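Got the viewer open? Let's take a walk through the pockets of this protein, one selection at a time.

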Amino acid sequence: MTMQAQDVDVKAAPPTGQSRDAGAAAVRTTNDYVRRWVDSCVSLCQPDRVVWLNGTREERQRLIRQGMDEGVFIELNQEKLPGCYLHRSNPNDVARTEQLTFICTPSQDMAGPTNNWMETKVAYSKLRGLFHGCMKGRTMYVIPFVMGPIGAPLAKVGVQLTDSVYVAVNMGLMTRMGEVAWKQLGDEDEFTRCLHSLGDVNPERRYICHFPIDNTIWSFGSGYGGNALLGKKGLALRIASYLGRQQDWMAEHMLLLGATSPNGEKTYVAAAFPSASGKTNFAMMIPPEKYRNEGWKITTVGDDIVWMWVDGATGRLRAINPEAGYFGVLPGTNEETNPNAMASMSRNTIYTNVALTPDGDVWWEGKTKDPPKEAIDWTGQPWTADCGRKAAHPNSRFTAPMENNPALDPAADDPGGVPVSAIVFGGRRSRTIPLVFQAFNWIHGVYIGATLGSETTAAATGAVGIVRRDPMAMLPFIGYNIRDYLVHWFRMRKKMVDCPRIFHVNWFRKDDQGRFIWPGFGENMRVLKWIIDRARGRAYARETVVGWMPRSKDIDLDGLDITHDQVEALQTINPDDFTSEILSQEELFLKMAGDLPKEMVFQRELLISRL
Ligand code: OXD
Ligand code: MN
């Protein structure tokens, strides 16, 4: 890449420490806090060059060309997939590494029993050692970005420094990046300081460290989305959840969708499912034909993260999606399971760790019924359909701007956000947990969310398919003590005049032959319809030990190849299974021993007494 007038050649500049003067004309902000912080990081990391990004399309193209020269991006067939590129990561760097992710605070109690903790000074000192000189010979990109629609009261500014051109391009897709951030920041000090380096991409030297008190994230040794796109899990969940507790709002691992009924009534629903458990599919759902003909429509506000606050005027919960793009799982995604996701990734998209076909297209398991005869797999090796290896990595991903989504909700960019009428928790459970039920009230709903269990997936390294407790699907993302997080949920209720109704769903229950009973995907509309009607006080439910449940006749099965008896089976609560379920919640309760909010203890006792 030829050097731009605005870039700073640090080698040609006076010794580090004075680089600010050398690059003064080039620096894109007059904010002294930013300039001093960038200077200190330049001194630490010693890049050859500092490039301040402005978020324009031309700049993105320039970065992509640069990445192609470096072998970071492979151009795909531009007729089929305009603006689309493939990236192959280091094979040791394909998922979030929760065991290497830390909350760094002065005391361990601030991080709590479910986070990895490092003492602040120890963490800075350890990571300073790693960052020292790590960008020699490399370029440091300065990425200003905003999380949240511009003008939203909760919108937050971050600045990420990175030596990865892949990260720079992805940040441009996932956030509102560029001049808007400098404008929002003005002369203030209120921005998240995000420092990132690929280092030598060695898991032995990989640390993702969050310093909530300093509004700072240092990530070293990984280029994987959840570890390296620091606006996402780092800022929008871990740091934001900490800020939300201080400032009376909530940052949650939830999708946010709008459902428009045939008479034009619009209901917004937020839903928390653990990573790689169908949030993107639910957020982009296309209702079954019957519903479409009646006039039902689903629109997407977000597919992964929501920020929610109580509106002073109405006393109701409102929400925004802090992100501007999707970083979605590919295996299993196709024209049938999620046509809106397929359309979203049809242009200006980065594909990570999928197979490359001879015609310059991409492929992953489940994209088409028939695999291509041959391809280059995600590791760059020749692959054939009968070779016995997977062509794409199970956690292969697409990064696409949300503007590509044909079902984007008109309010997705609205700084005022949308009102939330229902909150849904869902796990991946092959046994025990029914298709749908409603909590008796908010406190019971918080208990249901807090004890959420789910079978693990490929989104994080480690064993797949084991049930783990994943409170609110936030276990890896709560930036402080889980005790205080649950108390925060209980307290938020007191600020609301009317609160969203809380539900639990499980699309993943299996029969004795190991087959899914519920068809899922667009058919989930039938369950969503009951949820909406309950939230609006219209549908019937019977009281059961776990909560309010629809009778099978309350779920519309018209046009579906499934009987009312099967739905009854899906809704069955087996007391023995449920006793084991309660016992398996003990693991979480024991971790929080002595610190469990009393509401949790009472709810468990009430559940046991109902069994
Ligand atoms: C994600 C995740 O990538 O939750 O969204 O892992
Ligand atoms: Mn996620």
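Start by selecting Glu98, Ala460, Arg468, Leu475 and Pro476: of the 27 residues lining the second largest pocket, these lie nearest its centre. Keep in mind that you're looking at a predicted model. The space in this second largest pocket comes to about 490 Å³.

Now pick out strand E5, residues 101-105, and strand E29, residues 453-455; each gives the second largest pocket at least two of its lining residues. Which element supplies the largest share of that lining? Colour E5, since that's the one to look at: 3 of the lining residues come from E5.

Try colouring the whole lining of the second largest pocket by residue type, too. You should get 12 polar residues, 9 nonpolar ones and 6 charged ones.

Next stop: the largest pocket, with a volume of about 980 Å³. Its lining runs to 46 residues, and the ones to select for a view of the centre are Ala276, Ser277, Gly278, Val329 and Arg428, which are the closest to it.

From there, bring up two helices, H9 (231-247) and H10 (279-283), along with two strands, E19 (325-329) and E25 (397-401). Each of them puts at least two residues into the lining of the largest pocket. Linger on H10, which provides the largest share, 4 residues.

For a last look, colour the lining of the largest pocket by type as well. How many of its residues are nonpolar, polar and charged? The split is 19 nonpolar, 17 polar and 10 charged.

Conventions
Residues are numbered from 1 along each chain as its sequence is written. Chains are lettered from A and ligands numbered from 1 in the order in which they are written. This is a predicted model: local features need pLDDT of at least 70, side-chain atom pairs count only at pLDDT 80 or more; totals for chains, interfaces and linings use all residues. Side-chain values use heavy atoms; hydrogens and water are left out. On a 1 Å grid over the protein atoms alone, a cavity is a set of points where a 1.4 Å probe fits but cannot get out, and a pocket is an open set with protein on both sides within 12 Å along at least five of seven lines; lining residues have an atom within 4 Å of a point. Grid points are joined across faces, edges and corners, and a volume is the space filled by probe spheres set on the points. Ala, Val, Leu, Ile, Met, Phe, Trp, Tyr, Cys and Pro count as nonpolar, Asp, Glu, Lys and Arg as charged, and the others, Gly among them, as polar.
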